[in-house]
6 protein chains.
Amino acid sequence: MPVTQITLLQGYDREVQQRLVDHVSKAVRSVIPAPEAGTTTFIQEVVAYRRDGRFFDQGNAALQSASKVVKNFLAAMQARDLAQAQSHLHADFQMVFPGGQTFHRLEELVAWAKTRYQRVEKTIERVDESWQGDRTVVFCAGRLNGVWPNGTPFDNIRFIDRFEVAAGQLMRQDVWNDLGEHRHA
Amino acid sequence: MPVTQITLLQGYDREVQQRLVDHVSKAVRSVIPAPEAGTTTFIQEVVAYRRDGRFFDQGNAALQSASKVVKNFLAAMQARDLAQAQSHLHADFQMVFPGGQTFHRLEELVAWAKTRYQRVEKTIERVDESWQGDRTVVFCAGRLNGVWPNGTPFDNIRFIDRFEVAAGQLMRQDVWNDLGEHRHA
Amino acid sequence: MPVTQITLLQGYDREVQQRLVDHVSKAVRSVIPAPEAGTTTFIQEVVAYRRDGRFFDQGNAALQSASKVVKNFLAAMQARDLAQAQSHLHADFQMVFPGGQTFHRLEELVAWAKTRYQRVEKTIERVDESWQGDRTVVFCAGRLNGVWPNGTPFDNIRFIDRFEVAAGQLMRQDVWNDLGEHRHA
Amino acid sequence: MPVTQITLLQGYDREVQQRLVDHVSKAVRSVIPAPEAGTTTFIQEVVAYRRDGRFFDQGNAALQSASKVVKNFLAAMQARDLAQAQSHLHADFQMVFPGGQTFHRLEELVAWAKTRYQRVEKTIERVDESWQGDRTVVFCAGRLNGVWPNGTPFDNIRFIDRFEVAAGQLMRQDVWNDLGEHRHA
Amino acid sequence: MPVTQITLLQGYDREVQQRLVDHVSKAVRSVIPAPEAGTTTFIQEVVAYRRDGRFFDQGNAALQSASKVVKNFLAAMQARDLAQAQSHLHADFQMVFPGGQTFHRLEELVAWAKTRYQRVEKTIERVDESWQGDRTVVFCAGRLNGVWPNGTPFDNIRFIDRFEVAAGQLMRQDVWNDLGEHRHA
Amino acid sequence: MPVTQITLLQGYDREVQQRLVDHVSKAVRSVIPAPEAGTTTFIQEVVAYRRDGRFFDQGNAALQSASKVVKNFLAAMQARDLAQAQSHLHADFQMVFPGGQTFHRLEELVAWAKTRYQRVEKTIERVDESWQGDRTVVFCAGRLNGVWPNGTPFDNIRFIDRFEVAAGQLMRQDVWNDLGEHRHA
């Protein structure tokens, strides 16, 4: 135990099924300390379903992996492909950077960043997803390397980004890093 | 849809049941974009269960809420009750603080912190849980206020803590904040 | 087949369970021509349930049997206990009698009836329930006996009443009978 | 809650599934006063089934909608297509008309009706189905218009028909209406 | 996989539940070569059940373990407590012994056995149950020791008994052993 | 009751499904004395399954019927097709014959048998399967006919064979018969 059965209308593809039983198994084990070997989760597909007086025989489209959305955004930013990066953002997207700098447009961020470094690159070491219903919060933690405004290189500087993802779009990004610790060291 | 049935042996209390259906509903909705109104999750209690050739009629004890463990630890630290704080730590506990400072014992942290501020207080604005199977990662984000070593007060400084919790004990804490940004501002 | 499982929160009593599996078995057999021997219906009680973001561990109160409500109303009318009869009526209750006579208050009916017969009694031969979601329609068919205004007795006159019952209250009564056929015969 | 799962062998078509979850949801709500939004019903198709020592992998043919059978019969009668109307009748079919007139053959009815009106037409305002296991009782209520034997037209006269339908055939029809009230008015 | 859910009315005791999930798990694994670790079987107790138009809320009494019935019978025979042994036998009980000797009454067996040995004792090494629906066949295999009619002792002689058990009573016993091989050796 | 649901990944063929619901129904009835008419067993196929941290969407191959394996082996032995017979044997196969004669190779058996009879033929009257998890024990009982070493024919001699079958291979055969009773009669 526990055995968890998820009942869905038919039509979801294998990747979605796999993600779903993975997330649900982990949610179960966050409360019940069963070993992996004793944690069973499966998907029952049903052919017909009625709720709220309405009849359904096809399921909804699944959500994209929130981590993938974030990684795509970060890759586009790294490549300074702002148009591509922008395509992942909700109209109300907001960014908060170290020191509490707040931006709504990527161009603002880019302008401000020039005062911080000539260039920066993120090496992601860890991605954590927090499933919260309407939103999934994705955390990326890792190391920064790049070049200070004065041309000196830096690397191995800790960072963490917190993203709120809703319906496949980024709603918010919060960034913390140790640049402030190192810049003035 | 989706309808999720979690089958457990009997004996879990109401708070555990409530946490379990909450986590599982959220995990389901992280993949299937069903509205809350169409997301049904329930717990079926069974009286007898056999797996791996063994018979069970009582469930495991449930895990404590990982967020609660973290909050208890932080409250004890704030109150500088190191013994109480220590009781939440796994023997292999490790802390990494801004600048990459790494400690294994709370006393080391306390000693180092004196170089950073006379005193500090955390206002937690947001807690996120990431359920990962054997571990739950808890993120606390919020604002710091306190007093610099030179006696000047500070407040409203952003921070985020990342905790790994396993079997009710803290395995690891990673801390980021904007103290470095502000200290030298 | 078919096997039907009804999942409920715990706490319904035996009479309700019995009525529920009876109604559901009949609904199933109205579509699938399975023999009684092959029609299985059971109630699974669950201890905890979440939908629409809310947690429940107790079920709703059950509805009273709509037929019983109707029979109680008819018995009170027969006994001319108008207060008791009135207690079963919704504020918007409406009656339609042969010839299209429409009343909203029992007193109106009683006054009009005096022009039809000195007294009347219903023998119910058949009760049919039509389950329609928010309402259950109850049909009572049978025979009338009584005394014409001129003192002559009558009996064995066909009637049918149609009642709409919602939340345990009568919303509407429609009456048809053969009094018109016989009165002038 | 409630969540109802109907387990069937595979092979029923969409219209049957839709009718089945509709009937069952209504049966459930006739006992448990759950809102539509909280009433979930779905069909689980299984591939193999054993009861009474026999193995099945195909379901029964479904029953036709009893209301549809009745409507088809009434339409054929209106069109005076007696052969077509007859095809819906069980060998033991019986009709009871106002005044208790009882017939077994449509021709008898047609002969008698000539004494009642030159012609009549039914406008159906309401159809109610009562699911009773081996039989479904269908009630049609509405208004009659037509021409009296003396050539005067009439309309807006209340009627109700009660039909017993078993295995797709009419077993019995009982008719009530206000013709007697109006004829002699 | 496989996951097997047995739905029962409430009221069976722990020993019965344990035996049931044990038998069912073994039956499943006789067809699907899943490892024990991946074979999950549990009992769902339901509060109300309808089949064949009848309502139930209490389960049947369970059957006794067929092996236990056989062992009790053999122990009584060994102790030559014929009355006790007889109590386990169905009225139509039949025994077939080596050479095809057929008896219906224990006294006949006892009389015949005197021609075979002065006394005999069974050491049961293996009991196998074959579940066949209305009957369970129990096989006991092991070794005989005892004393030949001429007073010489014997031991370590192979035997197997086959018992048919129905509703807790022995219907039939068939005995094979190597006494014939050894007696004349 | 009881209603048993076996949840499997999809892909098993009809013969396997049939064997599975047959075995499971019999296992259930070995404990709960329900009539056949009230014993319902069905197979739910699911599309996705996770246990032990691994994802599956295809079931295992099913086991062959253990009785069929045994019958094939016996037929090959009867036809003295030792190569074919050998193909059913596990490397550790062991045979124990009347008098406790133990062999590991079919050739040893054949040699020894020559001392027992010129030829022998089995008529199987009864096959019983005992499902034990990793092994199924198959019992064949019936009658031997053949020719004694001295040329005299014999027939109608009782025998029983006990086979242990694991993963479709014979692990062990134990043989009892009345040849010893008759040879010296």
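A residue is called buried under 20% relative accessible area, exposed over 50%, and partly exposed in between (1.4 Å probe, protein chains only). What you're looking at is a predicted model: local features need pLDDT of at least 70, side-chain atom pairs count only at pLDDT 80 or more, and totals for chains, interfaces and linings use all residues. Residues are numbered from 1 along each chain as its sequence is written, chains are lettered from A and ligands numbered from 1 in the order in which they are written, and side-chain values use heavy atoms, leaving out hydrogens and water.

**View 1. Two loop residues, Ala167(C) and Arg80(E), each in its own loop.**
Most residues other than glycine have a negative phi. Ala167(C) goes the other way: its phi is positive, near 50 degrees, and it isn't a glycine. Look for Ala167(C) in the loop between strand 9 (153–166) and strand 10 (169–177) of chain C; helices (H or I, at least four residues) and strands (E, at least two) are DSSP runs, numbered from the N terminus. Ala167(C) is exposed, at 68% relative accessible area. Now hop to chain E, where Arg80(E) also has a positive phi, about 50 degrees, without being a glycine. Arg80(E) sits in the loop between helix 2 (66–78) and helix 3 (82–86) of chain E, and its 46% relative accessibility makes it partly exposed.

**View 2. Strand 2 of chain B has a partner in its own chain and another in chain C.**
Strand 2 covers residues 40–46 of chain B, and six of its seven residues are buried. Strand 1 (residues 3–9) of chain B runs parallel to strand 2 of chain B, with seven bridges linking them; two strands pair if DSSP finds at least two bridges between them. As an example, Val3(B) has Thr40(B) as its bridge partner in strand 2 of chain B. To get from strand 1 to strand 2 of chain B, the chain passes through helix 1 (residues 14–29), and this β-α-β crossover is right-handed (with the strands pointing away from you, the path from the first strand over the helix to the second runs clockwise). Strand 2 of chain B also pairs with strand 3 (residues 48–51) of chain C, this time antiparallel, over four bridges. There, Thr40(B) is matched with Arg51(C).

**View 3. An open six-strand sheet in chain A, with helices packed on it.**
The strand order is 6-5-10-9-8-7, and the pairing is mixed. Strand 6 (101–103) and strand 7 (119–131) of chain A are the edges, each pairing on one side only. Ignoring direction, neighbouring strands are turned by 20 degrees against each other on average; axes are lines fitted to C-alpha atoms, for helices over the stretch in contact, and angles run from 0 to 180 degrees between N-to-C directions. Strand 7 and strand 8 (residues 136–147) of chain A pair antiparallel over 12 bridges, and Arg126(A) stands opposite Ala141(A) in strand 8. Helix 2 (residues 66–78) of chain A packs on the sheet, touching strand 5 (89–97) and strand 7, among others, and makes about 170 degrees with the direction of strand 7 of chain A. Helix 4 (residues 106–113) of chain A lies across strand 5 and strand 6, at about 20 degrees to strand 5 of chain A.

**View 4. Where chain A meets chain B.**
Here 67 residues of chain A are in contact (heavy atoms within 4.5 Å) with 67 residues of chain B. The two chains bury about 5,700 Å² between them, 57% of it on carbon and sulfur atoms; buried area is the accessible area (1.4 Å probe) that two parts lose on being put together, summed over both. Met1(A), Arg158(A) and Trp176(A) supply 14% of the area that chain A buries against chain B, more than any other three residues. Between these chains there are 10 salt bridges (a side-chain nitrogen of Lys or Arg within 4 Å of a carboxyl oxygen of Asp or Glu). Glu181(A) and Arg183(B) make a salt bridge, with their closest N and O atoms 3.2 Å apart.

**View 5. Salt bridges elsewhere, out of 120 over all chains.**
Lys26(A) and Asp22(A) meet at 3.2 Å, N to O. They're four residues apart in helix 1 (residues 14–29) of chain A, so about one helical turn separates them. Arg50(B) reaches Glu36(E), with the closest N and O atoms 3.4 Å apart. This pair joins two chains, because Arg50(B) lies in strand 3 (residues 48–51) of chain B and Glu36(E) in a loop of chain E. Arg50(B) is buried at 6% relative accessibility, while Glu36(E) is partly exposed at 22%.
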